[in-house]
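Student: I should like a close look at a single part of this structure, explained step by step.

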Amino acid sequence: MDRTSTPEPVPSQPGPAAPALRTVAVVGLGTMGTGIAEVLAQAGREVIGIDVSEAAAAHAHRALEAATARAVRRERITEEERRAALARFRTSHELEAAADADLVIEVVPENYALKHEVFTALDAIVRPATILATGTNALSVTRLAADSARPERVLGLHFFNPAPAMRLVEVVSSVLTAPAAVTAVTELARELGKEPVAVGDRPGFVADGLLFGYLNQAAAMYESRYATREDIDAAMRLGCGLPMGPLALLDLIGIDTARTVLEAMYTASRDRLHAPAPILGQLAEAGLTGRKSGRGFYTYEAPDSAVVVPDERAPEAGANSGAAREVRAVGVAGSGTMASGIAEVFAKAGYAVVLAARSAEKAEAAKIRIAASLARSVEKGRLTAAERETALAAITPAGSLDAFAEVDLAVEAVAEDLAVKQQLFAALDKVCKPGTVLATTTSSLPVVACARATSRPQDVIGMHFFNPAPAMKLVEVVRTVLTGDDAHATVRAVCARVRKHPVDCGDRAGFIVNALLFPYLNNAIKMVQEHYATLDDIDAAMKLGGGYPMGPFELLDVVGLDVSLAIEKVLHREFRDPGLAPAPLLEHLVAAGCLGRKTGRGFREYARR
């Protein structure tokens with residue numbers, strides 16, 4: 001059987017119906033175990049917290065007292081309900097305390113020998129119908145089940161941290177798990193106010209299976225000194241709307257934990273994208289495991305603190321930059337959505353803007369589009385009517401690049417076709433005055449190829465805005481090996497004036513955001529292709545478990561499957577990693593003309609407008 005496919009429970013001996021799960025034992029009262037105990041107690045379950053450490057047990061009591069007190073202050077529960085929840089929680093240092101539990105949830109450290117010891121001991125303690133759940137996110141549920149005296153009652157129940165706040169729970173079946181056990185814990189998860197997602201047994205399951213590959217690539221990107229930790233994290237927060245950057249998230253999860261998960265994933269997949277980046281091993285071996293130790297990718301005020309403090313790895317302000325050139329007038333080449341959005345950004349910041357298209361009619365149409373966008377901003381209270389008129393008056397439409405003769409910065413936003421861009425840069429080279437900075441908004445093509453089309457490659461740079469340009473705060477500033485320091489400084493100064501956040505990166509495929517985002521999207525497609533999980537479950541898992549504003553398939557359909565495939569091909573061609581090869585399912589959908597929302601069908605179908 002393909003080990004990546006969703007396992008089917010053995011139907012021959014389903015066993016007795018699962019009992020009502022009223023009493024739950026939680027083995028391991030670390031951060032996760034304490035959070036799970038809190039969720040269960042507040043939901044009316046009798047909870048037995050078990051930990052060999054008296055300090056851990058005492059901490060769990062204090063945490064529940066504090067959490068329920070906050071709930072009372074916020075009027076989510078009454079004082080009477082608080083007292084009842086506290087009365088339902090008791091602790092013990094002995095596994096024998098789980099004897100009467102209907103469900104035992106094991107949340108001890110990610111070590112197979114330790115988990116095996118717990119499960120073997122529980123076999124001799126609990127009742128025959130008791131369900132045993134492991135909270136692992138990296139180790140084999142099937143292996144733990146196979147070693148148990150009653151494998152049909154063993155499954156995975158993977159909560160996300162912090163358990164009280166995170167809604168996702170992955171319910172993990174092995175080929176040995178009885179359907180009644182899966183049904184019982186799934187119903188429990190719903191009663192706890194969680195969103196259960198059914199998955200098969202493979203390292204990382206859905207959410208971590210996608211998340212940790214992305215985190216690993218971010219660590220490797222930082223290790224290669226392609227970009228600073230601050231720029232990598234800012235790029236993914238501002239470019240993708242993520243709640244945390246990948247390196248800050250690794251520090252929160254624990255670098256040693258991440259390395260363990262990735263080792264398990266690589267053992268199962270042999271995909272180089274899952275092979276832990278060497279820096280993860282180096283940091284873990286040095287005891288620099290993230291927030292819990294006070295230092296990881298970042299340095300923290302104290303162990304377990306979230307407060308980042310400056311250290312020797314912080315980038316120096318103005319390092320490697322020259323003197324910025326004065327920019328008063330900006331030329332924007334193009335008439336599409338991106339060109340219009342960029343022109344609007346510059347006009348609102350007080351620049352004189354020349355908007356040049358292939359014809360005067362197209363340029364006028366682009367200005368009309370900008371006028372409509374500015375009007376919407378007025379309606380939403382983001383601009384005054386006077387500011388709208390001032391911005392609109394700053395834009396001069398033109399039907400030829402000849403209008404760029406006096407601009408100080410020229411930004412092209414034409415089709416993502418290298419030949420087209422090179423032709424345009426050759427034209428800009430002839431039209432623009434000496435000293436004009438020439439910028440491309442490409443998201444995947446080599447900036448240096450545009451620079452070589454001119455006689456002034458030192459003035460050429462990448463300035464990758466994100467769509468919609470007026471709303472998105474990020475700009476990737478892409479230096480080639482030929483870009484001058486003053487051109488770089490000029491673009492960063494312009495970004496500050498238009499209230500965008502610039503991140504520096506080198507001239508290679510995908511820059512920061514797409515190089516990290518699209519392999520993650522590609523891996524999500526592979527999960528569906530392998531019948532491991534459904535579109536809906538994967539989207540739900542990443543939104544609820546990873547804090548993503550959109551699930552991968554929602555995002556793919558918005559971006560466009562043809563655009564996504566083109567970027568995947570560029571990444572595969574540049575890095576030549578087999579793991580980056582576009583998923584065949586993506587290629588088949590594009591070949592069939594199913595390109596996403598713009599065609600009415602992609603991974604999902606959409607109503608025609």
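Student: What should the 15 residues of helix α10 (residues 255–269) span, and how far apart are its end C-alpha atoms?

Tutor: This is a predicted model, in which local features need pLDDT of at least 70 and side-chain atom pairs count only at pLDDT 80 or more, while totals for chains, interfaces and linings use all residues. Residues are numbered from 1 along each chain as its sequence is written, and side-chain values use heavy atoms, with hydrogens and water left out.

Helices here are DSSP runs of H or I with at least four residues, and strands are runs of E with at least two, numbered from the N terminus. The expected span of a helix is 1.5 Å times one less than its number of residues. For the 15 residues of α10 this gives 21 Å, and the end C-alpha atoms are 21 Å apart, which agrees. After α10 comes Arg 270, whose phi is positive, near 55 degrees.

Next, consider the side of the helix that is hidden. A residue is buried under 20% relative accessible area, exposed over 50% and partly exposed in between, with a 1.4 Å probe and protein chains only. In α10 the buried residues are Ile 255, Ala 258, Val 261, Leu 262, Ala 264 and Met 265. An α-helix has 3.6 residues a turn, so residues three or four places apart point the same way. The buried residues of α10 pack against α7 (207–223), α9 (246–253) and α11 (278–285), contact meaning heavy atoms within 4.5 Å.

One residue of α10 leads to Phe 297: Ile 255 is among the residues that Phe 297 touches, as are Leu 247, Leu 250, Ile 279, Leu 283 and Arg 313, not counting residues up to four places away in sequence. Phe 297 is also one of the residues with the most contacts inside the largest nonpolar core, which has 104 residues. Such a core is a set of buried Ala, Val, Leu, Ile, Met, Phe, Trp, Tyr and Cys residues joined through side-chain atoms within 4.5 Å. Helix α18 (residues 513–529) gives the most to this core, with 11 residues. A second, separate core of 37 residues includes Val 330 and Cys 495.

Phe 297 touches Arg 229 as well. Arg 229 and Arg 313 belong with Glu 230 and Asp 311 to one network of salt bridges that share partners. A salt bridge is a side-chain nitrogen of Lys or Arg within 4 Å of a carboxyl oxygen of Asp or Glu, and a search of the whole structure finds 31 of them.
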